Amino acid sequence: MAVPAPAQAPGTPHRFRAVLDRVAEEMADLTHRGRPADYIPVLADGDPRRFGMAVAEPDGTVYGVGEWRQPFSAQSITKVFALALVLSLDGEGLWQRVGREPSGDPFNSLVQLEYENGIPRNPFINAGALVVTDRLQELTGDAAALLLELLRTESGNPALDFDPQVAASEAARGDRNAALAHFMASYGNIVTPVPRLLTAYFQQCSVEASCADLALAAGFLARHGIRADGSALLTRSQAKRINAVMLTCGTYDAAGEFAYRVGLPAKSGVGGGIVAVVPGVCTLCVWSPGLDRRGNSVAAMTALDRFTTLTNLSVF
């Protein structure tokens with residue numbers, strides 16, 4: 001099943017067009033929008049009033065509202081793609097080094113690592129993502145480059161790239177991630193030298209992409225593991241399991257609230273984006289820089305809540 005190049009023909013009716021327009025209207029009236037991530041200086045000036053939302057259907061059709069073509073910092077959304085690459089290359093071996101359970105703690109917490117012997121709870125908290133990137137670095141020698149190649153290919157956008165200013169900004173404030181990596185290394189759960197691993201990790205998180213790019217790039221999760229060109233990135237079972245972990249762990253320690261309100265597998269990032277999957281139907285990406293206290297975009301969560309309410313689409 002080769003997917004056509006992403007495009008939006010002006011005036012062409014699309015399945016969710018009316019819903020997106022309505023959501024955009026409601027978001028314009030949203031009063032509480034949160035605050036941008038101020039611990040990454042480059043992101044601190046984000047305007048919470050900005051908003052974009054895109055839907056990508058399994059055939060590659062993509063359309064949106066607001067600033068859906070505006071690139072933003074993908075941040076932790078990239079963890080989904082790193083996990084998919086490791087599972088595609090290495091099968092189930094990763095799960096010996098990282099769990100699949102919700103953490104219930106902040107995404108950069110050190111607490112659980114100490115009493116669980118250096119094994120992170122899941123691949124989407126920072127400690128778990130560092131283990132995933134470490135394994136991808138072991139397997140390929142250049143984890144960040146392979147992840148960027150996947151994003152470019154699946155989105156159909158060869159211009160996607162890292163933002164060196166964001167990567168440098170994160171590195172300058174990267175003491176907590178360094179502590180996580182060194183602590184896991186002391187238990188033998190990190191193989192790559194920590195400075196090299198952190199460079200790859202910060203580079204990975206610095207990818208700039210739009211709602212359209214990320215909705216399209218995540219399409220293999222709606223197509224049960226099938227890439228845009230019709231080849232298999234993952235088995236159907238692996239795609240199902242990534243979606244399951246996204247549902248239970250993808251929005252930090254607000255995963256229960258997100259499942260209650262939205263009912264979709266999703267992964268958020270502190271750049272203000274959230275990618276969500278309706279298996280077999282579509283993928284979505286919503287962006288607005290204002291975050292709640294748990295690191296999830298207030299407007300993006302609200303928009304996805306409204307989308308599933310208006311369409312009656314969820315995994316439940």
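**Figure 1. Glu57, a buried acidic residue without a salt bridge.** In this predicted model, our first stop is Glu57, which sits in the loop between β1 (52-56) and β2 (62-66). The residue is buried and yet forms no salt bridge. Which side chain of opposite charge is nearest to Glu57? It is that of Arg15, 5.2 Å away. A salt bridge is counted within 4 Å, so the 5.2 Å between Glu57 and Arg15 does not qualify. Arg15 still appears among the contacts of Glu57, together with Tyr63, Val281 and Cys282, once residues up to four places away in sequence are set aside.

**Figure 2. Arg17 and Asp21, a salt bridge within helix α1.** Now for some charged partners that do meet. Side chains of opposite charge can pair when their charged atoms come close. The whole structure holds 17 salt bridges, and one of them joins the side chains of Arg17 and Asp21, at 3.5 Å from N to O. Both residues belong to helix α1 (residues 17-28). They are 4 residues apart, which is about one turn of the helix. Asp21 is partly exposed, and its relative accessible area is 32%.

**Figure 3. Arg306 and Glu26, a salt bridge between distant parts of the chain.** Stay with helix α1 and look for Glu26. Its side chain meets that of Arg306 in a salt bridge, with 2.6 Å from N to O. How many residues apart are Arg306 and Glu26? The answer is 280, with Arg306 placed in helix α13 (residues 298-311) and Glu26 in helix α1. Both ends of this bridge are partly exposed: Arg306 has a relative accessible area of 21%, and Glu26 has a relative accessibility of 26%.

**Figure 4. Asp47 and Arg49, followed by a network of charged residues.** The side chains of Asp47 and Arg49 form a salt bridge, at 3.1 Å from N to O. Asp47 is partly exposed, with a relative accessible area of 27%, whereas Arg49 counts as exposed at 64% relative accessibility. Elsewhere, look for salt bridges joined into a network: it links Asp90, Arg97, Asp134, Arg135 and Glu138.

**Figure 5. Leu113, a buried residue in helix α3.** Leu113 has its place in helix α3. Is Leu113 buried or exposed? With a relative accessible area of 3%, Leu113 is buried. Leaving out residues up to four places away in sequence, Leu113 touches Gly118, Ile119, Pro120, Ala127, Leu180, Phe183 and Met184. Phe183 is worth a second look: Leu113 and Phe183 are 70 residues apart in sequence, while their C-alpha atoms are 7.9 Å apart in space.

**Figure 6. Asn117 and Tyr252, two loop residues with positive phi.** Asn117 lies in the loop between α3 (111-115) and α4, and its phi is near 55°, a positive value in a residue other than glycine. Tyr252 lies in the loop between α11 (236-249) and α12 (255-261). Phi of Tyr252 is near 60°, again a positive value in a residue that is not glycine. What about their surroundings? Asn117 is partly exposed, with a relative accessible area of 49%, whereas Tyr252 is buried, with a relative accessible area of 5%.

**Figure 7. Gln238, a buried residue of helix α11.** You will find Gln238 in helix α11. It is buried, with a relative accessible area of 11%. Which residues does Gln238 touch, not counting those up to four places away in sequence? They are Leu87, Gly91 and Glu92.

**Figure 8. The second largest cavity and its lining.** The structure holds 2 cavities of 30 Å³ or more, and this view shows the second largest, with about 30 Å³ of space. Its lining is made up of Lys79, Ala82, Leu83, Pro123, Phe124, Ala129, Val132, Thr133 and Gln204. Which elements give two or more residues to this lining? They are α2 (78-90) and α4 (126-140). By character, the lining residues of this cavity divide into 6 nonpolar, 2 polar and 1 charged.

Key:
Residues are numbered from 1 along each chain as its sequence is written. This is a predicted model: local features need pLDDT of at least 70, side-chain atom pairs count only at pLDDT 80 or more; totals for chains, interfaces and linings use all residues. Side-chain values use heavy atoms; hydrogens and water are left out. On a 1 Å grid over the protein atoms alone, a cavity is a set of points where a 1.4 Å probe fits but cannot get out, and a pocket is an open set with protein on both sides within 12 Å along at least five of seven lines; lining residues have an atom within 4 Å of a point. Grid points are joined across faces, edges and corners, and a volume is the space filled by probe spheres set on the points. Ala, Val, Leu, Ile, Met, Phe, Trp, Tyr, Cys and Pro count as nonpolar, Asp, Glu, Lys and Arg as charged, and the others, Gly among them, as polar. Buried means under 20% relative accessible area, exposed over 50%, partly exposed in between (1.4 Å probe, protein chains only). Lys and Arg count as positive and Asp and Glu as negative; His and the chain ends are not counted. Contact means heavy atoms within 4.5 Å.
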